[in-house]
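Me: I am new to this structure and would like to learn how to read it. Please take me through it one feature at a time.

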Amino acid sequence: MRKFIVKGTENYPEILTILNEAEDKLSVLLEKNNGYGIETREEELSKQLFESCLRTNYLTEVQTA
């Protein structure tokens, strides 16, 4: 699974995980520590929006070993 950090969330990082890829959409899980616990929500993104977020560095891929 590919994971990404959402820009602007240094104190409480928000992590986007790709759950499923379709032809033109991505199903993603967003996880954020709000200081009191972990908030999670599932969203759908168009691939075009996702690629735009990568180009503008709004999303940065987490490198795993």
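Me: Across which strands does α1 lie, and at what angle to β4 does it run?
Reply: Helices (H or I, at least four residues) and strands (E, at least two) are DSSP runs, numbered from the N terminus. Axes are lines fitted to C-alpha atoms, for helices over the stretch in contact, and angles run from 0 to 180 degrees between N-to-C directions; contact means heavy atoms within 4.5 Å. Here α1 lies across β1, β2, β3 (25-33), β4 and β5, and its direction is at about 115° to β4. This is a predicted model, in which local features need pLDDT of at least 70 and side-chain atom pairs count only at pLDDT 80 or more, while totals for chains, interfaces and linings use all residues. Residues are numbered from 1 along each chain as its sequence is written, and side-chain values use heavy atoms, with hydrogens and water left out.

Me: How many helices and strands are there, and what pattern do they follow?
Reply: The protein has one helix and five strands. Along the sequence they appear as β-β-β-β-α-β.

Me: In what order do the strands stand in the sheet?
Reply: Two strands pair if DSSP finds at least two bridges between them. In this protein, five strands form an open sheet in the order β4-β3-β2-β1-β5, and the pairing is antiparallel. β4 and β5 (59-61) are at the edges with a single partner strand each, so one side of each has no neighbour in the sheet. On average, neighbouring strands are turned by 30° against each other, direction ignored.

Me: How many bridges join β1 to β2?
Reply: β1 and β2 (residues 14-21) run antiparallel and are joined by three bridges. K3 stands opposite T17 in β2.

Me: Which residues make up the largest nonpolar core?
Reply: In soluble globular proteins, nonpolar side chains tend to be buried together. A nonpolar core is a set of buried Ala, Val, Leu, Ile, Met, Phe, Trp, Tyr and Cys residues joined through side-chain atoms within 4.5 Å. Buried means under 20% relative accessible area, exposed over 50%, partly exposed in between (1.4 Å probe, protein chains only). The largest core here has 11 residues: F4, V6, L16, I18, L26, V28, L30, L45, F50, C53 and L59. At least two of them come from each of β1, β2, β3 and α1, and β3 gives the largest share, three residues.

Me: What does L45 touch?
Reply: L45 is in strand β4 (residues 38-46) and is buried, at 18% relative accessible area. Not counting residues up to four places away in sequence, L45 touches L16, D24, K25, L26, V28 and F50. For L59, with neighbours within four places left aside, the contacts are F4, I5, V6, L16, F50, C53 and L54.

Me: How many aromatic pairs does a search of the whole structure find?
Reply: Rings of Phe, Tyr and Trp (its six-membered ring) pair if their centres lie within 6.5 Å; planes under 30 degrees apart count as stacked, over 60 as edge-to-face and the rest as tilted. The search finds one pair. F4 and F50 are edge-to-face, 5.3 Å centre to centre with 85° between the planes. F4 belongs to strand β1 (residues 3-6) and F50 to helix α1 (residues 47-55), so the pair ties together parts 46 residues apart in sequence.

Me: Are F4 and F50 buried or exposed?
Reply: F4 counts as buried at 0% relative accessibility, and F50 counts as buried at 6%.
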